[in-house]
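Let's take a walk through a protein together. Keep the structure open beside you and find each part as we get to it.

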Amino acid sequence: MANNNVIYMTDIGHAKMVQTLAEKQAEHKKTFEARTAAIKEVSDSDLNDPEIVQLQQLEIGLNTTLNQLQDTLRRTKVISIDDSMRNTSEVRIGSIVKIQRYNVTADKDMVDEIWEIRGYDETNLQKKHLAYNSPLGEKILSAKAGEVIESIMIGSFEFDITVKSLYKNWATAK
């Protein structure tokens with residue numbers, strides 16, 4: 001049964017997913033054609049040929065991926081993020097948030113980080129974009145400035161996160 005929850009993406013994230021879908025469709029077509037050609041070259045008794053079986057498995061995997069991408073796009077609502085709409089009372093998509101991260105597992109010093117919460121799968125570390133569905137994004141979504149979120153597991157590490165500040169724009173983020 002398909003998931004009907006809305007997925008939020010910016011136009012950039014949506015365009016990337018549409019591009020990924022097109023690439024996977026082309027890969028699927030190429031795999032289907034290769035499998036069809038391989039079947040034509042063997043007798044009925046050789047349909048268990050390792051090359052044919054491998055192509056069938058690849059095609060099945062691509063079908064699954066295509067169905068997932070199509071379902072995601074079907075549920076997508078494209079959003080825009082601009083400074084006039086940023087939430088500064090709690091962490092939401094579009095928020096620019098300063099957090100303090102303490103690695104409990106390694107007992108390391110606290111590190112301040114500033115992130116912009118972005119759409120589905122739109123994490124970009126260089127641009128300081130954090131997807132709302134990323135492990136950290138999910139944990140801080142809806143948190144308010146001053147709130148502490150304890151014992152967050154990200155990978156094999158445990159963190160305590162403090163939401164320090166929320167900003168209207170990058171120019172004011174410090």
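**Charges, strands and a long walk along a helix**

By the distance rule used here, the count of salt bridges comes to 11. Keep in mind that this is a predicted model.

Let's start with Glu90, which forms salt bridges with two partners. With Arg92, the closest N and O atoms are 2.6 Å apart. With Lys144, the closest N and O atoms are 3.0 Å apart. That second pair links distant parts of the chain: Glu90 is in the loop between β2 and β3, while Lys144 is in the loop between α3 and β6, 54 residues away. How hidden are these side chains? Anything under 20% relative accessible area counts as buried, so Glu90, at 15%, makes the cut. Arg92 is partly exposed at 34%, and Lys144 is partly exposed at 42%.

Next, look at Glu113 and Arg101, another salt bridge, with the closest N and O atoms 2.9 Å apart. This pair also links distant parts of the chain, with Glu113 in strand β4 and Arg101 in strand β3. Both Glu113 and Arg101 are buried. You can also look for a network of salt bridges that links Asp83, Arg86, Glu116, Arg118 and Glu122.

Stay with β3 for a moment, as Lys98 sits there too. Lys98 is buried but has no salt bridge; Asp112, the nearest side chain of opposite charge, is 4.0 Å away. Its contacts further along the chain include Asp112, Glu113, Thr162 and Tyr167.

Now for the strand partners. Strand β3 runs antiparallel to β7, and 8 bridges join the two. Here Ile96 stands opposite Tyr167. On β7 you'll also find β6, paired in the antiparallel sense over 5 bridges, with Ile149 opposite Ile161. The hairpin of β6 and β7 has 2 residues between the strands, and Gly155 takes a positive phi near 65° there.

Finally, trace helix α2, residues 50–74. At 1.5 Å a residue, its 25 residues should span 36 Å, and the end C-alpha atoms are indeed 36 Å apart. At the start of α2, a side-chain oxygen of Asp49 reaches to within 3.0 Å of the backbone nitrogen of Glu51. Which residues of α2 are buried? Among them are Ile52, Leu55, Glu59, Leu62 and Leu66. The cover over the buried residues of α2 includes β1, α1 and β2. In α1 you can pick out Ala34, whose C-alpha atom is 8.7 Å from that of Ile52, though the two are 18 residues apart along the chain.

Note on methods. Residues numbered from 1 in each chain as written. Predicted model: local features only at pLDDT ≥ 70, side-chain atom pairs only at ≥ 80, totals over all residues. Heavy atoms only, no water. Pairing = 2+ DSSP bridges. Helix = DSSP H or I, 4+ residues; strand = E, 2+ residues; numbered from the N terminus. Expected span 1.5 Å × (residues − 1). Buried < 20%, exposed > 50% of the residue type's maximum accessible area, 1.4 Å probe, protein only. Contact = heavy atoms within 4.5 Å. Polar contact = N/O pair within 3.5 Å; in protein donor to acceptor, adjacent residues only side chain to side chain. Lys, Arg positive; Asp, Glu negative; His and termini not counted. Lists of a residue's contacts leave out its neighbours within four places in sequence.
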